[in-house]
Amino acid sequence: MTGRFDGSVALVTGAGSGIGAACARMFAGAGAAVVVADRDLAAAASVAESLPGAVEVAEVDVRDPGQVATMVARTVETFGSLDVAVNNAGISNSGVPIHEISREDWERVRAVNFDGVFHCLQSELRVMVPNGRGAIVNVASVMGTVSGRGVGAYVASKHGVVGLTRAAAMDVAGSGVRVNAVGPGFVDTPLLSPVTRGDIDSVAANHPVGRLGTPEEIAAVVGFLASADASFVTGALYLADGGYTAQ
Amino acid sequence: MSELSGVVVVTGAGGDIGRTTSALLAGRGAQVLAVDLAVDAAEATAGEIRAAGGAATAFAADVTDPDQVTAYARRAAELGPITGFFNNAGIEGRVAPLGQMTVESFDAVMAVNVRGVFLGLSALLPLMAPGSAVVNTASSGGLRGTAGMAAYVASKHAVIGLTKVAALEVAERGIRVNAVCPSAVEGRMMDSLDEQRSAVGLPATPEDRMGRRASPGDIARAVGFLLGPESEFVSGTTLSVDGARTAA
């Protein structure tokens with residue numbers, strides 16, 4: 001599938017590790033010019049160094065709409081366009097029930113996972129809609145459609161991402177821009193909380209396939225949604241969860 | 001694009017989605033067993049694939065008949081290792097509101113769309129190897145309702161249920177089962193529905209928000225994704241190809 005994104009410009013947030021890094025590798029390997037954006041510039045640079053082709057890094061805290069706007073503007077300045085955006089930056093919460101979530105934890109998760117996606121959508125769509133083309137993939141989660149215990153802030157934020165995805169898709173349908181979400185099951189990345197990591201066997205067993213996903217498996221679904229193969233797919237949540245939500 | 005190998009069985013292979021998807025799968029390297037109730041339609045799909053340099057075999061079968069389903073499964077196994085199954089045969093039935101929908105009409109739709117999908121899964125899953133994948137054709141009607149289409153909507157909701165159970169049952173064998181949910185697709189079925197809806201005074205099916213109906217190719221590309229290795233962690237779920245219809 002080399003060349004599937006030849007001539008395209010792809011922006012990936014949270015690309016310094018995990019699913020975002022796998023997406024950046026997937027796009028670069030398929031011919032796209034890639035902007036590797038992360039709050040951790042060193043992590044972004046380390047991923048970027050390993051990629052073939054045209055690559056830029058961007059330091060961005062998606063909680064800040066100004067930084068997000070700058071990231072998108074620089075992408076267009078550097079590579080002349082923005083064709084694909086993966087709004088992936090996200091964090092997990094501290095593993096306590098709703099009535100014990102601290103205000104700080106709630107705000108932090110909401111600001112990154114929910115407000116961050118909103119900021120990215122705004123800046124990206126302001127480029128893509130006038131261009132009449134573009135594909136955005138928001139990284140939601142199985143927790144965007146079901147819940148678990150002790151993940152209230154995360155669940156709410158990811159349900160919010162699914163809602164934003166649908167609303168944005170409706171708003172721009174007919175403009176040539178598509179907006180979709182991918183819903184990974186548990187994936188082996190640095191985002192896994194210590195609690196989850198300590199109980200990895202039972203987390204794996206909650207997936208009917210009996211294992212966690214890999215970042216590359218999620219990137220493959222992102223690649224499909226971003227590609228012309230998905231040209232009629234918009235406003236959709238594609239779950240990549242090893243059967244987690246089928247049970 | 002990801003290459004396929006082995007035998008992929010396609011039911012309803014003579015219809016618009018089935019024919020286009022069969023051609024796409026064959027173009028990616030699969031050997032297609034093109035199953036259709038109408039032998040001419042199955043032959044036409046297989047012939048088109050062979051003319052393009054691909055491998056395809058036609059097979060006439062009624063998917064509601066257990067013996068005929070066993071027969072197409074056996075034929076597929078004779079051709080080689082079965083790596084994919086596009087369990088796609090379906091009918092729209094007669095448009096009528098509840099109270100006016102006949103039992104015969106209801107049963108006919110359920111027979112093809114639910115019993116046919118069940119029989120196909122029952123016959124083929126035991127023959128499939130680890131790494132293989134199944135796609136059932138559901139519909140945005142499997143997620144939402146449409147007036148005048150009780151049987152169809154119920155049947156497509158049932159397909160999604162069957163998909164989830166099948167996925168759970170074969171997950172440990174490394175087989176994936178998903179459903180694709182198209183909205184209105186250009187072709188014979190929508191022509192029939194447009195005509196029927198107009199005849200009984202129901203509004204036409206709304207256009208999707210992208211300003212057009214889906215093409216058979218839109219659906220074929222999603223099926224190709226679900227049957228290929230790129231969707232390796234995707235199982236037991238529904239993939240909408242509906243131009244934001246179910247985002248509303």
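The legends below accompany several close-up views of a predicted model.

**View 1. The fold of chain B, shown as its helices and strands.** Chain B contains seven helices and seven strands, and when these are read along the sequence they follow the pattern β-α-β-α-β-α-β-α-β-α-β-α-α-β. The radius of gyration of chain B is 17 Å, close to the 18 Å that the globule rule gives for 248 residues, so chain B is as compact as a globular protein of that length. Taken along the principal axes, the box filled by the C-alpha atoms of chain B is roughly 50 × 40 × 35 Å.

**View 2. The interior of chain B and its contacts.** Of the 248 residues in chain B, 56% are buried. Among the contacts in chain B with a separation of 6 or more, 75% are accounted for by residues that stand 24 or more positions apart in the chain.

**View 3. The side of chain B that touches chain A.** Here 30 residues of chain B are in contact with 31 residues of chain A. Three elements of chain B, namely α5 (150-170), α7 (216-227) and β7 (238-241), each supply at least two residues of this side, and the largest share, four residues, comes from α7(B). Sorted by character, the residues that chain B brings to this side divide into 15 nonpolar, eight polar and seven charged.

**View 4. The packing of helix α1 against helix α8 in chain A.** Helix α1 (residues 18-29) of chain A and helix α8 (residues 215-226) of chain A pack at an angle of about 55°, with their axes 8 Å apart, and α1(A) and α8(A) are therefore oblique to each other. The crossing in which α1(A) passes α8(A) is right-handed. On the side of α1(A), the contact is made by Gly18(A), Ile19(A), Ala21(A), Ala22(A), Cys23(A) and Met26(A), while the residues that α8(A) contributes include Pro215(A), Glu216(A), Ile218(A) and Val222(A). Taken together, the residues of the contact of α1(A) with α8(A) divide into 10 nonpolar, two polar and one charged.

**View 5. The backbone at Ala244(B), in the segment after β7 of chain B.** Most residues other than glycine have a negative phi. Ala244(B), although it is not a glycine, has a positive phi of about 75°. Is Ala244(B) buried or exposed? Because a residue is buried if 20 or more other C-beta atoms lie within 10 Å of its own, Ala244(B), with 27 C-beta neighbours inside 10 Å, counts as buried.

Definitions and conventions:
Residues numbered from 1 in each chain as written. Chains lettered and ligands numbered in written order. Predicted model: local features only at pLDDT ≥ 70, side-chain atom pairs only at ≥ 80, totals over all residues. Contact = placed C-beta atoms within 7 Å. Nonpolar A, V, L, I, M, F, W, Y, C, P; charged D, E, K, R; others polar. Axes fitted to C-alpha atoms, helices over the stretch in contact; angles between N-to-C directions. Parallel < 35°, antiparallel > 145°, perpendicular 65-115°, else oblique. Left-handed = near helix turned anticlockwise from the far one by under 90°. Rg over C-alpha atoms; globule rule 2.2 N^0.38 Å. Buried ≥ 20, exposed ≤ 12 C-beta atoms within 10 Å, placed from the backbone.
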